[in-house]
Amino acid sequence: MGSQGGFYQSKEFLDLVKSIGEARSKAEEDRIVLSEIETLKRRISEPDTPKRKMKEYIIRLVYVEMLGHDASFGYIHAVKMTHDDSLLVKRTGYLAVTLFLNEDHDLIILIVNTIQKDLKSDNYLVVCVALNAVCKLINEETIPAVLPQIVELLAHPKEAVRKKAIMALHRFYQKSPSSVSHLVSNFRKRLCDNDPGVMGATLCPLFDLITNDVNSYKDLVISFVSILKQVAERRLPKAYDYHQMPAPFIQIKLLKILALLGSGDKQASEIMYTVVGDIFRKCDSSSNIGNAVLYECICCVSSIYPNPKLLASAADAISRFLKSDSHNLKYMGIDALGRLIKISPEIAEQHQLAVIDCLEDPDDTLKRKTFELLYKMTKSTNVEVIVDRMIDYMISINDNHYKTEIASRCVELAEQFAPSNQWFIQTMNKVFEHAGDLVNIKVAHNLMRLIAEGFGEDDNTADSQLRSSAVESYLYILGEPKLPSVFLQVICWVLGEYGTADGKYSASYITGKLCDVAEAYSNDETVKAYAVTALMKIYAFEIAAGRMVDMLPECHSLMEEFLASHSTDLQHRAYELQAVIGLDAHAVESIMPSDASCEDIEVDKALSFLNGYIQESIEKGAQPYIPESERSGMLNISNFRNQDHHEASSHGLRFEAYELPKQTVQARIPPASLASTELVPVPEPVYPRESYQTTTVPSVSSDAASTELKLRLDGVQKKWGRQTHFPSTSTSNSTSQKTVNGITQVDGSNTANSRTRETYDSGKQVEISPEKQKLAASLFGGPSKTEKKSATGHKSSKPSSHMVKSHAPKSSMEVASEKTSPVQQPPDLLDFGEPTVKSTAPSPDPFKDLEGLLEPTTQVSSAVNHSSTAAVTKPPDIMGLYTETPAGAHHKDSDILSGLSNSPMTNMVGGTTTMQVAQSSKSPNLKDSLEKDALVRQMGVTPSSQNPNLFKDLLGDCGINLIQPPRMGFNSQILTASSFLSNPLTNGATDHIPVITTLHGSIKVGTALDTVGQLVEEQCLDPFFSDKTNVMDAVHNLSTAKKAEIQYLRNLLERAEEQNRLIQAQVELHKNKEVTGMKDVEAGPGEICITKLVLRRM
Amino acid sequence: MGIRFILMVNKQGQTRLAQYYEWLTLEERRALEGEIVRKCLARNEQQCSFVEHRNYKIVYRRYASLFFLVGVDNDENELAILEFIHLLVETMDRHFGNVCELDIMFHLEKAHFMLEEMVMNGSIVETSKANILSPIQLMDKAS
């Protein structure tokens, strides 16, 4: 067949293709295509177009779309062509449809019918064509329409059909795993198909299945190994050979699967050793495909349970790759090295010069890969060299995507291995200076937190040194003309907190600098907001220290500007600043304590302190408060459908099913709880989902115990919270799981290759330039004391000689602590009814609930269990896990037991700490944030009977807080109201109590809660990313009332201090007036104040 | 998922064949093709045949005037993909006999049919040339 086209191609088509082929520019090509579109639009809808002609038109349409123009006018004709009797025409029609339409296109519904018909065809080629289309066009909703037919086709006599049917099921699995979950046995069956093509195809779905759930397929290890053996021994038909390699693509797929199955599983790995070793020997390393298989072997060897012999072969193969002249092989070698050093770190040393060559290679791809390797082998001895190189590279590139990535890696390494505070601050400064707008805002928050919390050791001088050096460097950097916004925020925050802390700089100097920042970046409101708050802190510290505050003139003018700002956030901050300056030292100190950014501020979001008052009002005959969402529900109480609809609409974008919590919750309401719903008799059938929240309200602020303890509650809460919390859980779990694997491997190799090479062959370096040698020495040299944290984690869990075992305690600890945590809860928390019973003989119900929660943990532990004891067959089997783990963890018994018998906290805390070390999450901040999260949840945990729904939403909103800096505007809340509101008595500010009472009087609690609920719900739609802007939007809504409110509050404060008695009288008056305050009342200043509490926290 | 897309582009950067295994809109395709073609075509013979682009890795190979570009996931074996490209070219060679850019242009649907046989759901399913070509030959005979 020549290149001049087949018999049936018209001159028109040939001309089109030729002219496209000869087009010399994009513009010319566009012109041709546009005129072609015009022609096609006219011709394609002409009646009685012959089939051949039509096929040609459709192919011309494909050209139109391929060259980037819209051909939607012709889609329907492609759909029509799938009905054609001629196979070639039909297939072309299907091809065009799969190229044009995505699976959610409206026209798909027209094709489903045709597909169904074609799947029944006697001509197996037609069936194949239809199956191809199924793989591309069937979406989740239409799966049931074709599924039965496809299952039938699995037994089709033609292997091509069986192969495509398997792939169709694979596609359904990708689209919706549940749709084919009952058909998994078919995949296993097809693995033994007589036809190697079908077997090879079956590996694709099996690979996906095994990736998602390793343990259910351990029994297939033997089958896979024997297939691989047969393939390697050339038992497959010659047709599958490629460049003298027997079915290399099947070998690669099998090796990938074995790597998954053997990971952390000694027993399974041992079965694989022989065949993998054979392949290592047989592979022809002179061909590309041979090297591809070799590379896959290395990946497999570094994933499965380590075997010294195989590791040696892998190391050999790697050095061959690295020594090769081909850049492709070098690339693969660097990648493979990165995998292998996780197990045997010392092999990097022999390749150091090759690595440095790659690092200095002009080829960007190779360079990046090498940076990836360096990132993996960073330790405290070489962190400076590596990070410096990374930063240099980061500055040199323009690709924002990669710049972001490398910046975050620099930050991560610096946080993990920083040799000194000085260096750390400098490094962070560089990163922010050059990639500030690209790094995640979280990185900035981490930096702030790190500066605030210090490096963890209880060494206050080191911490203050860190802060001083940070302040100093920031003051210097402020001289630069243009800085990224994120960096400026950090600078402002640090200057505000610590600018005057060491007494080196005067307040007026720092405030002057801050004013400069606010002026220079006058179009960046976030920076201005940070600057104003920083100013407020500086002044507050000055006042608290008893010094006279002298506002600079530029500061005055700035304030004037902000007081009239369009941004309500800025305006608010400015008013706060004004208010603070007017207060006396004592008041200022309590609202703005110096260096207290790490102290947690507890906000009683349930407003539990109002309970007494509410109770009183209700007794006096006031209407109880009913949340808005339920208010409308009450009207429709007879109509459940309507109710459901209402629920759906009020939650906007949430699609997740609520079924599960509903059932468990209903089952778990102890009858006693109804008695305790003293405040609001929630109509029970209306909101079964919520009723578990209905309890009395314990005081939150009283149990401000250790954070570690509360961490355990984290998981428990999440179960009840909305689905939206799950991201945080899953990340934490996955991290720990990964590390578990890492550790498992580290352990094995440490025994195998424990000798660390301190010196290396110096003869090899004779002709190497001294610079390279120096670099090599700094990268690789020096005894590697600190490995990555995973290694540290390994060391810390000393009692176990066997790593696999040592993780059993971890998971059991989790179970244990999760079980114990209810005990720490106030006894009237319904969620955990009968805690004592649970800790001894757990009732099945709570465990059922734990199932979903614990799934990730279970994966870890069951993977672990598999090699140590018999495999836990079903991962979610919590009871099995529970009974089994303590057995595998003798050395931790005491801890677990003490945890179980809910004995002293210290024991628990100890246990948790060990666990955390073992967990050894890569970034310490993740852990931190989890703890914080847990803490916040704990605070929010007070069940509120006023509005359970709101309550859950509040929990959701707490999740957001963990990405925020420790204290940004928190103090301002206190200023506004919260410290008084939340904890009047313990604050010691007795003279303010009347104010609170006044506030109580004027707060229209009902509407306030509604507003809070509504706003929080809005925020919750996007819980993890709702940042400042969102909040500011929300604040904006309240802008009209805001000014009045601030004035109002200030008046209250003043009056409180001066006219104690008078106010007392007013309180009485107010109370009398507002007995019916729980009813719907229009928005007043008081409620905005509360709303803001929630908002400002975010 | 493995393979995300397969592109054939000539040395002027004009697309000759495009097959995506995940849905991208016309604009997204256009932008993506522009970016990666610019990146790959700027590279020389010595440099490696792999390029990272956003969250894809592009494996590419040049045959005369035609570039074959395959976008893959991060955990794919790049060398194997490189050989897969060669297998595709060998297969087309067997069918067209000394395949060239014009063959693919005049028989765009045939080239697509071959890909349909070799790759499904982004995974390589068939590597035997006989199995790949037999349905296409049967179809030719029938019509």
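**Salt bridges, interface and confidence in a predicted model**

The structure, a predicted model, holds 49 salt bridges over all chains. Residues are numbered from 1 along each chain as its sequence is written, and chains are lettered from A in the order in which they are written. Local features need pLDDT of at least 70, and side-chain atom pairs count only at pLDDT 80 or more, whereas totals for chains and interfaces use all residues; side-chain values use heavy atoms, without hydrogens and water.

Me: Why is the pairing of Lys26(A) with Asp30(A) called a salt bridge?
Reply: The term requires a side-chain nitrogen of Lys or Arg within 4 Å of a carboxyl oxygen of Asp or Glu. The closest N and O atoms of Lys26(A) and Asp30(A) are 3.9 Å apart, so the pair meets the definition.

Me: What separates Lys26(A) and Asp30(A) in helix 2 of chain A?
Reply: About one helical turn, because they lie four residues apart in that helix, residues 26–44. Helices (H or I, at least four residues) and strands (E, at least two) are DSSP runs, numbered from the N terminus.

Me: What makes Lys164(A) and Glu117(B) a salt bridge?
Reply: Their closest N and O atoms are 3.2 Å apart, and therefore the pair satisfies the same rule. Across the interface of chain A and chain B, the rule finds seven salt bridges. Helix 5 of chain A (residues 87–100) gives the most to the side that touches chain B, namely eight residues.

Me: How many residues does each chain bring to the contact?
Reply: Chain A brings 81 residues and chain B 68, contact meaning heavy atoms within 4.5 Å. The area buried between the two chains is about 6,400 Å², with carbon and sulfur atoms giving 56% of it; this is the accessible area (1.4 Å probe) that two parts lose on being put together, summed over both.

Me: Why is the aromatic pair of Tyr331(A) and Phe50(B) called tilted?
Reply: Rings of Phe, Tyr and Trp (its six-membered ring) pair if their centres lie within 6.5 Å; planes under 30 degrees apart count as stacked, over 60 as edge-to-face and the rest as tilted. Here the centres are 4.8 Å apart and the planes meet at 50°, so the pair is tilted. The pair crosses from helix 17 of chain A to strand 3 of chain B.

Me: What is the average pLDDT of chain A?
Reply: The average is 70, and 58% of the residues score at least 70, on the predictor's confidence scale from 0 to 100. Over residues 1019–1029 of chain A the pLDDT is below 50. Where pLDDT is low, the predicted coordinates should not be read in detail.
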